[in-house]
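Here are a few friendly notes to read alongside the structure. Keep the 3D view open and look up each residue as it comes up.

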Amino acid sequence: MSHRPGSGLAAVSTALLAMSRHLEVRDVLKTIVASARELLDAEYAALGVPDDHGGFAQFVVDGVSDAQWKAIGPLPRQHGILAAMLRDAKTERLADVRKDPRFEGWPSAHPDMSDFLGLPVKDGDETIGALFLANKRCPKPDGGCGFTAEDEELLSILAQHAAIALTNARLYERSRELTIAEERSRLAHELHDAVSQKLFSLRLTAQAAAALVDRDPARAKGELQQIAELAAEAADELRAAVVELRPAALDEDGLVNTLRTQIQVLDRAHTARVTFDTRGIRALPAAQEEALLRVAQEALHNALRHSGAGEVDVVLFRRGQGAVLSVTDNGKGFEPRTVRRAGRHLGLVSMRDRASGVGGSLTVESAPGMGTTIEMEVPGG
């Protein structure tokens, strides 16, 4: 490979180092496809991680704009060339993917692709992904493929290291999930012990006050004062626990990545299509980021559980020095004039409290049969 400096050992080493720098699965996938596309000088690159239901748990592309990707629509299913790579676990190098008998029509918004190089990403005997490139940037031999046997060898090396990086990233995320679960379990036990004791004391004190109210009103008054103090202490215990339960992912990944990850999970878990778009967001104060995340979670819960929506779009964008969160669904909606009655059921009271608690505002737009939009704006820090 020494006669191709651009694709030599130095370039391979750079790509492998880039993969090893990331621990989050999504970041590893993005680095793999970007490295592969740059290394082999292709117009497009993609890597799909299959799920157990004929689709892809994750599908990352490079060389496709956000607008193009949005126009393409839902993630592909495991069919055609992609299915062949996953099923047969062999490399596919084609002069024109469109002429292959296994080719199945792609969405009209999909970029036009011709020469194609794809191969499985394997962890031992298990195929954990499919990596492919399209449209080599070079003169094509007459009726031939721009990708060469050397390209195939290079991509194979990259795929082997990609499997290691991806496996390590999965182990890291699993370890972090277990750590978070253990921490939350510890907090739950502490919360249960502390608050249960306070509630038990409240109950006994209330019983004593009830027994004394007729024969010794002065002592009953003292017991009632004790009840107020115990209730305040219980509220403090709860408040402290809520502060401790700030989502760990926010501290590590920031608001944008945390939202993106949660929305990807919801998109896979529900029949409704859930999308996320972000523009120009910068870091915000911790309290504002948490409030935005909690409101997004509540709004998504409403849309996915109660509205009957087929599509839910989440947008987070910069406005001045602050940020705006918008959650829009195409569900059944409701009459805004009844929002006061529906407010508590839909969590709108809590969402408004969260918004006002960080100096922000919350607006709700809805109509029967016309879906719902919940928008939260926070000022800059």
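1. Let's start with how the chain comes together. This is a predicted model. Taking contacts in the protein chain between residues at least 6 apart in sequence, 63% join residues at least 24 apart. The chain has 10 helices and 10 strands, and 41% of its 381 residues count as buried. Its accessible surface comes to about 20400 Å², and carbon and sulfur atoms account for 52% of that.

2. Now find the second largest pocket, which has a volume of about 390 Å³. It is lined by 27 residues, and the closest to its centre are F59, P76, L82, W106 and H110. At least two lining residues come from each of β1 (42-50), β2 (56-62), α3 (66-72) and α4 (80-88). Sorted by class, the lining has 20 nonpolar, four polar and three charged residues.

3. F59 also appears in another part of the story, the aromatic rings. The count comes to four aromatic pairs. One of them joins F59 and F132, and this pair is tilted, at 6.5 Å centre to centre with 50 degrees between the planes. It links distant parts of the chain, since F59 is in strand β2 and F132 is in strand β5, 73 residues apart. Both F59 and F132 are buried.

4. How are the rings of F116 and F132 arranged? Their centres are 5.3 Å apart and their planes are at 25 degrees, so this pair is stacked; the cut-off for stacking is under 30 degrees. F116 lies in strand β4 (residues 116-123) and F132 in strand β5, so the pair ties together parts that are 16 residues apart in sequence. F116 and F132 are both buried. Put into one picture, F56, F59, W69, F116 and F132 form one aromatic cluster.

5. Stay with strand β5 (residues 126-136) for a moment, because T127 is found there too. Is T127 buried or exposed? Its relative accessibility is 18%, so T127 counts as buried, the limit being under 20%. Beyond its neighbours within four places in sequence, T127 is in contact with P50, L86, A89, P120, V121 and K122.

6. For contrast, look at another threonine, T261, in helix α7 (residues 248-269). T261 has a relative accessible area of 43%, so it is partly exposed. Its C-alpha atom is separated by 8.5 Å from that of R26, although the two residues are 235 residues apart along the chain.

How values were computed. Residues are numbered from 1 along each chain as its sequence is written. This is a predicted model: local features need pLDDT of at least 70, side-chain atom pairs count only at pLDDT 80 or more; totals for chains, interfaces and linings use all residues. Side-chain values use heavy atoms; hydrogens and water are left out. Helices (H or I, at least four residues) and strands (E, at least two) are DSSP runs, numbered from the N terminus. Buried means under 20% relative accessible area, exposed over 50%, partly exposed in between (1.4 Å probe, protein chains only). Contact means heavy atoms within 4.5 Å. Accessible areas come from the Shrake-Rupley method with a 1.4 Å probe; for residues, only the protein chains shown count as cover. On a 1 Å grid over the protein atoms alone, a cavity is a set of points where a 1.4 Å probe fits but cannot get out, and a pocket is an open set with protein on both sides within 12 Å along at least five of seven lines; lining residues have an atom within 4 Å of a point. Grid points are joined across faces, edges and corners, and a volume is the space filled by probe spheres set on the points. Ala, Val, Leu, Ile, Met, Phe, Trp, Tyr, Cys and Pro count as nonpolar, Asp, Glu, Lys and Arg as charged, and the others, Gly among them, as polar. Rings of Phe, Tyr and Trp (its six-membered ring) pair if their centres lie within 6.5 Å; planes under 30 degrees apart count as stacked, over 60 as edge-to-face and the rest as tilted.
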